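Please look over the model below before reading the points. They are meant to be checked one at a time against the coordinates.

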Amino acid sequence: MCGGRLAPMPDTAATGATRSAGSARPLKVGVQLPEVERVVRWPEIADMARVAEDVGLDSLWVGDHLLYRDDGHEAAVGPWEAWTSLAALAAVTTRIELGPLVAATGFHNPAMLAKQASTIDEISGGRLTVGLGAGWNEVEFRAFGFPFDARVSRFAEAFTIIRTLLSEGAIDFEGRFYQVRDCELQPRGTRPGGPPLLIGSNGERMLRIATPHVSAWNTWFSSYGNDPVGLAPLQASVDQACRDVGRDPATLVRTAAVLVRFPGGAGRPGATDPAIEGTPEQMAGALRAFAGVGIAHVQLVLDPITIDTIKGLGRVLEILDRPV
């Protein structure tokens, strides 16, 4: 097996035209675009992306899911395909970072996923972060014909192929689940070491597989109660995973999805954790608390998710940009 190469998280947003050169923002702030809250057509999604860039958000994220049933929904629902969407988003934006939160490796041929990621990184001019996980929703695995067994073992092989192709450009690999023979990525993307990788998991085995190679870790709001205090045990597990593989925990960027509710929010289906809400000042204060526990980047899950609520984040960002 070929080894992976650690790549730093990009900081393209920090120098964007909508951000001041002296910005004191304590953390990067992104937003997850609509998934299954309602059916949103592409013209509105494109407008959301442009507005997010205009108000100064640092990143856009899409969920890599296929189908939900019986998870707070009265009928089956599903999002648009993630990687097609990312390519389109890369083409209609110029500064903002983007990525899947997170890509389920079980849905993809790993070599092809690396090829897609490299292509989107090229289209975006080096703005892609490749979020990866094993997937969890058996309904969509079964419905689309993907195997659900041995998910972590399958992830380990897929992760080896993806990270090696993106960082080194070539691999010859034979595993239990995947085989790629004399595979190369040609042409290469804009970054010689490939786009940075992010692991979206709290599982001990998943963390041990990923932490030697990824630039960042992510957790979903329901995993910590949407309260920064609840991140302590998860971060302790991440720290231990780093130490177990001989990595300084301080070198791993920490990110967290955060549920935020604006007026008109009706509650995200399946979500039971209290959302951050209130005035822009209160929202900014709540986000600063995440920076206070070592989170460097938050991905906001908005309720409701509309162009107007994304615009409403502009005021929150202005407050965050002020020194305390």
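The numbered points go from the whole chain down to single residues.

1. Status and make-up. The model is predicted. The secondary structure of the protein chain consists of nine helices and eleven strands.

2. Overall size. Along the principal axes, the C-alpha atoms of the protein chain fill a box of roughly 55 × 45 × 40 Å. The radius of gyration is 19 Å, and a compact globule with 324 residues would have one near 20 Å, so the chain agrees with that expectation.

3. Burial and surface. Of the 324 residues, 53% count as buried. The accessible surface of the protein chain is about 13400 Å², and carbon and sulfur atoms supply 53% of that surface. The two percentages should not be confused: one refers to residues, the other to surface area.

4. Contacts along the chain. Taking contacts with a separation of 6 or more, 74% are between residues 24 or more positions apart.

5. Charges. The protein chain has 30 positive and 37 negative charges. The mean positions of these two sets are 3 Å apart.

6. The largest nonpolar core. In soluble globular proteins, nonpolar side chains tend to be buried together. Here the largest nonpolar core has 84 residues. The members that touch the most others are Leu 57, Trp 83, Val 258, Phe 290, Val 298, Leu 300 and Leu 302. Helix α5 gives the largest share of this core, seven residues. A second, separate core has five residues, among them Trp 61, Leu 101, Val 102 and Ala 216.

7. Val 258 in detail. Which residues does Val 258 contact, leaving aside its neighbours within four places in sequence? The list is Phe 221, Tyr 224, Asn 226, Ile 276, Leu 287, Phe 290, Val 298, Gln 299, Leu 300 and Val 301. Phe 290, Val 298 and Leu 300 are also among the core members with the most contacts to other members.

8. Asn 226. One of the contacts of Val 258 is Asn 226, which lies in the loop between β9 (216-219) and α7 (232-244). Asn 226 has a positive phi near 60 degrees and is not a glycine. Because its relative accessibility is 5%, and buried means under 20%, Asn 226 counts as buried.

9. Ala 150. Another non-glycine residue with a positive phi is Ala 150, at about 50 degrees. Ala 150 sits in the loop between α4 (138-144) and α5 (151-168). Is Ala 150 buried or partly exposed? The relative accessibility of Ala 150 is 29%, so the residue counts as partly exposed.

10. Cis peptide bonds. The bond joining Leu 101 and Val 102 is cis, with omega about -15 degrees. Val 102 belongs to the loop between β3 (97-100) and β4 (103-104). Both Leu 101 and Val 102 are included in the second core. The peptide bond from Gln 186 to Pro 187 is also cis, and omega is near -5 degrees there. Pro 187 is in the loop between β7 (179-184) and β8 (197-200).

11. Pro 195. The loop between β7 and β8 also holds Pro 195. At 5% relative accessibility, Pro 195 counts as buried. Not counting residues up to four places away in sequence, Pro 195 touches Asp 121, Leu 128, Val 130 and Leu 166. Pro 195 and Gly 99 are 96 residues apart along the chain, and 10 Å separates their C-alpha atoms.

Definitions and conventions
Residues numbered from 1 in each chain as written. Predicted model: local features only at pLDDT ≥ 70, side-chain atom pairs only at ≥ 80, totals over all residues. Heavy atoms only, no water. Helix = DSSP H or I, 4+ residues; strand = E, 2+ residues; numbered from the N terminus. Rg over C-alpha atoms; globule rule 2.2 N^0.38 Å. Buried < 20%, exposed > 50% of the residue type's maximum accessible area, 1.4 Å probe, protein only. Contact = heavy atoms within 4.5 Å. Areas by Shrake-Rupley, 256 points an atom, 1.4 Å probe, with all protein chains shown as cover. Lys, Arg positive; Asp, Glu negative; His and termini not counted. Charge placed at Lys NZ, Arg CZ, Asp CG, Glu CD. Core = buried A, V, L, I, M, F, W, Y, C linked by side-chain atoms within 4.5 Å.
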